[in-house]
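Biologist: I am new to this structure. Please show me how to read a few of its features.

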Amino acid sequence: MDILLEHNIETKELTEEDIREEVDTFAFEGHDTISMGMSWSLYLIGLHRDIQKKIHEELDQIFCDDVERPTDEVDLKNLQYLDLVLKESQRLFPSVPTIAIRVSEDTNICGYPIPKGANCGVFVYGLHRDESVFPNPEKFDPDRFLPKNCVNRHPYAYIPFSAGPRNCIGQRFAVMEEKIVLSAILRKYSIESLDPRDKLPPKTETAFEKLETNSNPD
């Protein structure tokens with residue numbers, strides 16, 4: 001916001017409405033997607049005691065018995081196993097399961113011509129379940145993202161924050177925020193998820209659907 005306001009003062013190229021629209025994007029993308037990412041991560045951690053044990057061991061090494069100390073920049077770098085867990089959680093349940101794009105030039109995908117100007121949807125949820133890239137794709141396995149297991153993996157096989165020139169500008173901040181919140185919770189608690197995955201199917205929503213739901217007095 002500081003950069004936007006400074007740019008507005010210096011160049012007058014942005015109107016107040018332009019800035020407001022950008023802030024709306026920050027508020028929605030930064031709140032809803034991160035909260036969903038943390039919720040699914042905690043749910044999956046609560047299902048897998050062995051993985052939760054590894055997280056607690058890492059937290060104990062970094063923070064010892066101090067459950068109140070704020071997480072700093074060094075801690076974030078050292079939370080390597082938690083980072084793997086967050087990546088695998090986003091693989092199974094990406095906060096943005098579908099990305100809409102407009103094709104900028106005529107192209108061809110797997111033999112199918114896609115004309116310039118066409119609107120396309122990238123089904124990230126399905127892409128992350130490609131068995132040729134992620135064997136046994138429904139298994140929650142953070143070790144998939146160990147450096148040795150990422151060798152030769154196509155960079156666009158895993159795109160929880162989209163990809164290319166329009167990728168998420170706040171992805172690093174999002175990961176930092178998730179690490180801080182989850183480490184704060186798991187330093188104090190052990191968690192257990194009571195419902196198995198087949199009893200908790202995910203549901204996709206759009207901003208418009210949420211607006212409609214929230215405006216319904218019933």
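Biologist: What should the 13 residues of helix 5 span at 1.5 Å a residue, and how far apart are its end C-alpha atoms?

Modeller: This is a predicted model; local features need pLDDT of at least 70, side-chain atom pairs count only at pLDDT 80 or more, and totals for chains, interfaces and linings use all residues. Residues are numbered from 1 along each chain as its sequence is written, and side-chain values use heavy atoms, with hydrogens and water left out. Helices are DSSP runs (H or I, at least four residues), numbered from the N terminus. The expected span is 1.5 Å times one less than the number of residues. For helix 5 that gives 18 Å, and the end C-alpha atoms lie 19 Å apart, which agrees.

Biologist: How many residues of helix 5 are buried?

Modeller: Buried means under 20% relative accessible area, exposed over 50%, partly exposed in between (1.4 Å probe, protein chains only). Eleven of the 13 are buried, so helix 5 is largely enclosed by the rest of the structure. Among them are Tyr-81, Asp-83 and Arg-91.

Biologist: Where is Cys-168 found?

Modeller: In the loop between helix 7 (147–150) and helix 8 (171–186). Cys-168 is partly exposed, at 31% relative accessible area. An unreviewed UniProt entry annotates Cys-168 as "binding site". UniProt positions follow the numbering used here, feature names are shortened, and annotations may be inferred rather than shown by experiment.

Definitions and conventions: Helix = DSSP H or I, 4+ residues; strand = E, 2+ residues; numbered from the N terminus.
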